[in-house]
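Hi there,

Here is the structure I promised to pass along. Have a look at it first, and my notes follow below.

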Amino acid sequence: MNAAQEDGRQPSEVRKKGVPARTRDLPVEALHPGFPAPARYGDGCFICHRVFDGDVHETEEDVIPKWVLKRLGLGNAGADLPNGQVFGYGKRKVPCCFDCNQRMSASLEKPVSEAFAKGCDAVRELDFTVLFLWLAKVYYGTRYRETGLREAVRDPESQVMLEPSDLSATAEHLRRCLQHRPDQLTLAAQPASIFVFRAGMPDAKENRFDYFVPTMPPADLVAVRCNDVFVIGIFGDNGYWGEQLGGIRIVHEALSSLTLHPVQCEELAVWFASEVGGAHASSGCYDFVTTVRDETPHTVFLPQFEVSPTGVPIGLLNQMRVKSFLRRLNVDLSEDDGKAIGSAPHPPTTLFNNSTQALVQATCFERSCRDVFRQAGWVAPGPECVACGA
């Protein structure tokens with residue numbers, strides 16, 4: 001039972017003033033004195049919140065798993081953070097206790113690593129709870145790391161990139177789920193939507209990886225491209241987005257028949273993020289019920305999340321979607337172009353050709369190849385592709 005249900009009020013009636021509608025109501029157990037409150041960043045485990053001492057041994061959890069870095073040679077690679085800081089993938093670590101580290105390594109990293117090594121079909125066959133928890137760990141670890149970083153890199157007094165209370169408001173249920181092994185956690189309803197696409201592989205290994213956690217708009221979403229797998233996880237929706245987005249023809253056919261170009265993967269990630277965070281809000285509550293069988297605890301997670309539109313005009317949403325996508329491609333959008341996109345019946349896309357309605361199947365998967373744009377009907381001047389000559 002959560003705190004709202006305990007005193008007879010509905011979740012919406014106990015929200016504090018000013019808290020966004022997408023806030024999750026915390027379960028009563030999380031507020032109970034017997035459960036440790038979040039420690040100051042670096043003083044305790046990011047999963048169980050226990051403070052490091054003689055009995056709780058400190059380690060670090062890799063947000064981007066070591067097996068990904070090693071397999072694709074990404075030791076020196078990195079990307080910009082929202083504060084403009086260039087942060088290496090190998091440096092994206094969060095404080096973790098030995099127990100949580102070992103549990104996640106054995107029950108999540110090992111099966112997921114083995115599936116990714118075999119390819120897209122093996123990832124699609126992974127147990128949903130295993131893949132859900134692994135994506136939750138990557139997402140939650142990413143956001144938790146932001147609570148230990150400053151908005152102004154050189155100013156130690158500047159605000160943190162993400163307030164711990166804001167992280168708890170939307171993702172506390174993920175942390176609670178991550179305290180369990182997959183075989184000890186039963187999902188009473190689908191707490192997330194997961195899409196596994198087939199990705200094309202550029203020649204250079206380091207170009208076979210991409211990683212996206214949006215901060216604007218604020219969507220509880222993570223996207224990872226690794227070799228021939230491109231996976232998107234959307235949290236706190238009770239499977240809503242799996243039905244809504246999965247039912248769109250482009251998405252359905254991309255899942256079933258396309259091998260995606262890296263640029264198409266980027267477009268899908270930005271498109272999903274703009275829909276999830278830019279035009280919709282999620283709210284609700286959840287419960288954890290734990291029983292002991294044969295001296296082993298087993299927990300049932302009962303998510304009760306709802307997704308509702310915010311009324312953002314479709315034209316504004318299309319502008320945001322395309323601007324974010326082009327920004328990822330290092331292209332600036334003029335004010336006139338933005339207005340034209342906002343008033344157009346369909347935003348520009350690399351997934352299908354607006355004129356012919358034909359899906360775009362790339363034949364070259366180098367990120368710099370312009371052929372995927374030309375197939376989609378874009379005016380795409382540029383140098384000849386060194387890989388395919390297009």
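**What I found**

Strands E2 (residues 58-62) and E5 run antiparallel to each other, paired over five bridges. Please keep in mind that this is a predicted model. Within that pairing, Glu58 has Cys97 of E5 as its bridge partner. Strand E5 covers residues 93-97, and because four of its five residues are buried, the strand is largely enclosed by the rest of the structure.

Next, the cavities. Searching the whole structure turns up four of 30 Å³ or more. The second largest has a volume of about 50 Å³. Which elements give two or more residues to its lining? They are strand E8 (209-212), strand E9 (221-226) and helix H10 (262-278). Among the lining residues are Tyr211, Phe212, Arg225, Glu266 and Arg328. By type, the lining has seven nonpolar residues and four charged ones, with no polar residues.

Helix H11 is the last item. This helix spans residues 314-328, 15 in number, and its first and last C-alpha atoms lie 21 Å apart, close to the 21 Å expected at 1.5 Å a residue. Its buried residues include Leu317, Arg321, Val322 and Phe325. What do the buried residues of H11 pack against? Their partners are H10 and helix H12 (335-343). After H11 comes Asn330, which has a positive phi, near 60°.

Happy browsing, and best wishes!

Notes:
Residues numbered from 1 in each chain as written. Predicted model: local features only at pLDDT ≥ 70, side-chain atom pairs only at ≥ 80, totals over all residues. Heavy atoms only, no water. Buried < 20%, exposed > 50% of the residue type's maximum accessible area, 1.4 Å probe, protein only. Pairing = 2+ DSSP bridges. 1 Å grid on protein atoms, 1.4 Å probe; cavity = no way out; pocket = protein on both sides within 12 Å on 5 of 7 lines; lining within 4 Å. Points joined across faces, edges and corners; volume = space filled by probe spheres on them. Nonpolar A, V, L, I, M, F, W, Y, C, P; charged D, E, K, R; others polar. Expected span 1.5 Å × (residues − 1). Contact = heavy atoms within 4.5 Å.
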